[in-house]
Amino acid sequence: MRHQWLSIFSFLVITIIVLAFFRLYLQPIENPESDEQTTTQETLLTEPTVSFVNPKKGALEPKVTLIEFGDFECAACKTVANAIDIVLRTEPSVQVVWKNLPNESAHELATPAAIAAHCAYDQGTFWEFHDELYSRQTFLSEDQFFQIAQELELDTAAFENCYLARETLPLVKKDFDEALALGLTATPTIFIGEERFVGSVSSQELLTAVRQALSSQP
């Protein structure tokens, strides 16, 4: 009888050890970076960044910077482009910076147009290309990208290689990701200092914001 109880006891001990082992083995391992990744994804920017890769025009040493997130197939962006030109002619201390926010769900050529414009930027003709894209907005096509490049007397072979290889897509995607981090949902969105303007804003509204920014400087 004693040996029988010892056998039962030994069996129970072994069973407990085996169950404990499998419980530990099957327990999921926590990723120490998961909380950090979640925090990073949820962190939003409060203002856009500007670097040498962003097309600029206007003052070389600006007192006020106007940053536009735009889409080349957006009708309101075309209207705002004219308003921005009025601002530049009126206030020469302003610099304009372009960033891409293509709405692919609504505009099939928004991203390709942005890629093409940055290929033109590589040859120093971004703004000329920008203007031509808007002037042909109602009948825009990929063929028009190459036609514009030819009319602007770009190195068409280099332009074609750049466009077909999607060499500038990372720049477009970088702007797009930044727009998401800023919580942007529409084009055009314009930043002047901490102020945001969304939609078809007038040149007078932009000029008022620019002059307020200038007057607040020491």
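The following paragraphs lead through the fold, the disulfide, two helix packings and several individual residues of this protein. The model is predicted.

The protein contains nine helices and five strands. Followed along the sequence, these elements are arranged in the pattern α-α-β-β-α-β-α-α-α-α-α-β-β-α. Of the 218 residues in the protein, 39% are buried. Among the contacts with a separation of 6 or more, 74% are between residues 24 or more positions apart.

A covalent link offers a starting point for the tour. In general terms, a disulfide is a covalent bond between the sulfur atoms of two cysteines. A search of the whole structure returns one disulfide. The bond connects C119 with C162, with an S to S distance of 2.1 Å. The first of these cysteines, C119, belongs to helix α4 (residues 110–121), and C162 belongs to helix α7 (residues 156–164), so the pair ties together parts that are 43 residues apart in sequence. The angle about the S-S bond is -85°, and the link of C119 and C162 is left-handed. Both C119 and C162 are buried. Two further cysteines can be placed on the accessibility scale. C74 has a relative accessibility of 6% and therefore counts as buried. C77, at 0% relative accessibility, counts as buried as well.

The helices that carry the disulfide also pack against each other. Packing of two helices is described by the angle between their axes and the distance between the axes. The axes of α4 and α7 come within 9 Å and cross at roughly 140°. Angles over 145 degrees would count as roughly antiparallel, and α4 and α7 are therefore oblique to each other. The crossing in which α4 passes α7 is right-handed. On the α4 side, the contact is made by P112, I115, A116, C119 and A120, and on the α7 side by F159, C162 and Y163. By class, the residues of this contact between α4 and α7 comprise eight nonpolar, no polar and no charged. The disulfide partners C119 and C162 are thus among the residues of the contact.

A second packing involves α5 (126–135) and helix α6 (residues 142–151). The axes of α5 and α6 come within 10 Å and cross at roughly 135°, which makes α5 oblique to α6. The crossing of α5 and α6 is right-handed. Here F129, E132 and L133 of α5 meet F145, I148 and A149 of α6. The contact of α5 with α6 has five nonpolar, no polar and one charged residues.

Where does T125 lie in relation to α4 and α5? T125 is placed in the loop between α4 and α5. The relative accessible area of T125 is 13%, so T125 is buried. Leaving out residues up to four places away in sequence, T125 touches A120 and L154. A120 is also one of the α4 residues in the contact with α7.

Two further buried residues share some of their contacts. G70 lies in strand β2 (residues 64–70). With a relative accessible area of 2%, G70 is buried. Apart from neighbours within four places in sequence, G70 is in contact with C77, W98, K99, N100, L101, P102 and T187. One of these partners, C77, is the cysteine with 0% relative accessibility. G70 and A114 are 44 residues apart in sequence, and their C-alpha atoms are 9.4 Å apart in space.

D175 is found in helix α8 (residues 169–181). D175 is buried, with a relative accessible area of 3%. Not counting residues up to four places away in sequence, D175 touches N54, F69, W98, K99 and N100. W98, K99 and N100 therefore appear in the contact lists of both G70 and D175 under the contact limit of 4.5 Å.

The last residue to consider is T208. Which helix holds T208? T208 is located in helix α9 (residues 203–215). Is T208 buried or partly exposed? The relative accessible area of T208 is 36%, so T208 is partly exposed. T208 and V87 are 121 residues apart in sequence and 9.8 Å apart in space, C-alpha to C-alpha.

Key: Residues numbered from 1 in each chain as written. Predicted model: local features only at pLDDT ≥ 70, side-chain atom pairs only at ≥ 80, totals over all residues. Heavy atoms only, no water. Disulfide = S-S within 2.5 Å. Helix = DSSP H or I, 4+ residues; strand = E, 2+ residues; numbered from the N terminus. Buried < 20%, exposed > 50% of the residue type's maximum accessible area, 1.4 Å probe, protein only. Axes fitted to C-alpha atoms, helices over the stretch in contact; angles between N-to-C directions. Parallel < 35°, antiparallel > 145°, perpendicular 65-115°, else oblique. Left-handed = near helix turned anticlockwise from the far one by under 90°. Nonpolar A, V, L, I, M, F, W, Y, C, P; charged D, E, K, R; others polar.
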